[in-house]
Amino acid sequence: MMHMTFYWSRQVTLLFSSWRTDSWLSYALTLLACVLASVLYQYLEQVRYRVRRGGKPKEGTAEEPFLWQTKGAGAGNRGKASVAKIVGGVLFGLSSALGYLLMLAVMSFNGGVFLAIVLGLTVGFMIFRSEEDDEIAGVNSTCACA
């Protein structure tokens with residue numbers, strides 16, 4: 001039966017008809033997998049962000065992101081994919097696929113799965129994202145803009 005509202009049960013079918021939980025152990029392992037997948041999603045986003053930025057800039061310098069550099073952008077270089085663009089594209093695809101799988105897992109409407117995914121995203125954000133990254137991206141968390 002497909003639920004259309006949140007429910008609390010150890011019995012859940014997640015993503016595939018073969019991924020069913022019927023015991024507390026299988027349910028706990030499923031929730032752990034959801035947490036780990038969510039943390040991995042945040043990690044992939046952070047790696048993708050760093051590739052797009054071209055690595056960590058030196059203290060006090062404003063470097064142009066690697067993928068947006070215009071050096072050698074003459075007519076002969078148009079259409080040539082850089083390694084960074086390919087890596088960025090692959091990371092985007094992996095991150096998107098994992099993000100959609102997490103969304104589909106939440107759509108199981110199981111309350112435990114929902115909480116496990118939110119917990120994993122939160123833990124991953126706290127581990128892999130830093131205030132330094134927000135400052136570099138131009139987001140100031142202490143700004144009281146009106």
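**Group meeting talk: a four-helix model**

Glycine 54, the residue just after α1, takes a positive phi of about 85°. I wanted to open with that small detail, and I'll come back to backbone angles later on. Before we go further, please keep in mind that this is a predicted model.

Let's start with the overall picture. How many helices and strands are there in the protein? There are 4 helices and 0 strands. Reading from the N terminus, the elements simply run α-α-α-α. Of the 146 residues in the protein, 26% are buried. The protein exposes about 10,200 Å², and carbon and sulfur atoms supply 65% of that surface. As for contacts between residues at least 6 apart in sequence, 67% of them join residues at least 24 apart.

One example of a pair that is separated along the chain is alanine 33 and valine 113. These two are 80 residues apart in sequence, and their C-alpha atoms are 9.7 Å apart in space. Alanine 33 is found in helix α1, and it counts as partly exposed because its relative accessibility is 30%.

Now, the helices themselves. Helix α1 has 30 residues and reaches 44 Å from its first C-alpha to its last, close to the 44 Å expected at 1.5 Å a residue. Helix α2 covers residues 83-106, which makes 24 residues, and its end-to-end reach is 34 Å, close to the expected 34 Å. Helix α3 has 18 residues and reaches 26 Å, again close to the expected value of 26 Å.

Let's look at which faces are covered. In α2, the buried residues are Ala84, Gly88, Leu91, Ser95, Leu98, Leu102 and Ala105. If you like helical wheels, here is the general rule: an α-helix has 3.6 residues a turn, so residues three or four places apart point the same way. What do the buried residues of α2 pack against? They pack against α1, residues 24-53, and α3, residues 111-128.

Helix α3 returns the favour, with its buried residues packing against α1 and α2. Its buried set holds several glycines, including Gly111, Gly112, Gly120 and Gly124, and Val113, Ala116 and Ile117 are buried there too. At the start of α3, a side-chain oxygen of asparagine 110 reaches to within 2.9 Å of the backbone nitrogen of glycine 112.

On to the core. In soluble globular proteins, nonpolar side chains tend to be buried together. Here, the largest nonpolar core has 13 residues, and those touching the most other members are Leu14, Cys34, Leu98, Leu102, Ala105, Val113 and Ile117. Helices α1, α2 and α3 each supply at least two residues of this core. The largest share, 5 residues, comes from α1. Have a look at alanine 105 on the screen: setting aside residues up to four places away in sequence, alanine 105 touches Leu14, Leu15, Val113 and Ile117.

Next, charges. The structure holds 1 salt bridge. Which residue does glutamate 45 pair with? Its partner is arginine 48, and the closest N and O atoms are 3.1 Å apart. The two are 3 residues apart in helix α1, so about one helical turn separates them. Are glutamate 45 and arginine 48 buried or exposed? Both are buried. For arginine 48, that is because its relative accessibility is 18%, and the cut-off for buried is under 20%. Leaving out residues up to four places away in sequence, arginine 48 touches Gly88, Leu91 and Phe92. Gly88 and Leu91 were on our list of buried residues in α2.

Finally, as promised, backbone angles. Most residues other than glycine have a negative phi, and most peptide bonds are trans. Leucine 15 has a positive phi of about 65° although it is not a glycine. You'll find leucine 15 in the segment before α1, and it counts as partly exposed because its relative accessibility is 34%. Phenylalanine 109 also has a positive phi, near 65°, and it too is a residue other than glycine. Phenylalanine 109 is found in the loop between α2 and α3, and with a relative accessible area of 22% it is partly exposed.

That's the tour, everyone. Thanks for listening, and I'm happy to go back to any of these residues on the screen.

How values were computed:
Residues are numbered from 1 along each chain as its sequence is written. This is a predicted model: local features need pLDDT of at least 70, side-chain atom pairs count only at pLDDT 80 or more; totals for chains, interfaces and linings use all residues. Side-chain values use heavy atoms; hydrogens and water are left out. The expected span of a helix is 1.5 Å times one less than its number of residues. Buried means under 20% relative accessible area, exposed over 50%, partly exposed in between (1.4 Å probe, protein chains only). Contact means heavy atoms within 4.5 Å. A nonpolar core is a set of buried Ala, Val, Leu, Ile, Met, Phe, Trp, Tyr and Cys residues joined through side-chain atoms within 4.5 Å. Accessible areas come from the Shrake-Rupley method with a 1.4 Å probe; for residues, only the protein chains shown count as cover. A salt bridge is a side-chain nitrogen of Lys or Arg within 4 Å of a carboxyl oxygen of Asp or Glu. A polar contact is a pair of N or O atoms within 3.5 Å; within protein, one must be able to donate a hydrogen and the other to accept it, and residues adjacent in sequence count only if both atoms are side-chain atoms.
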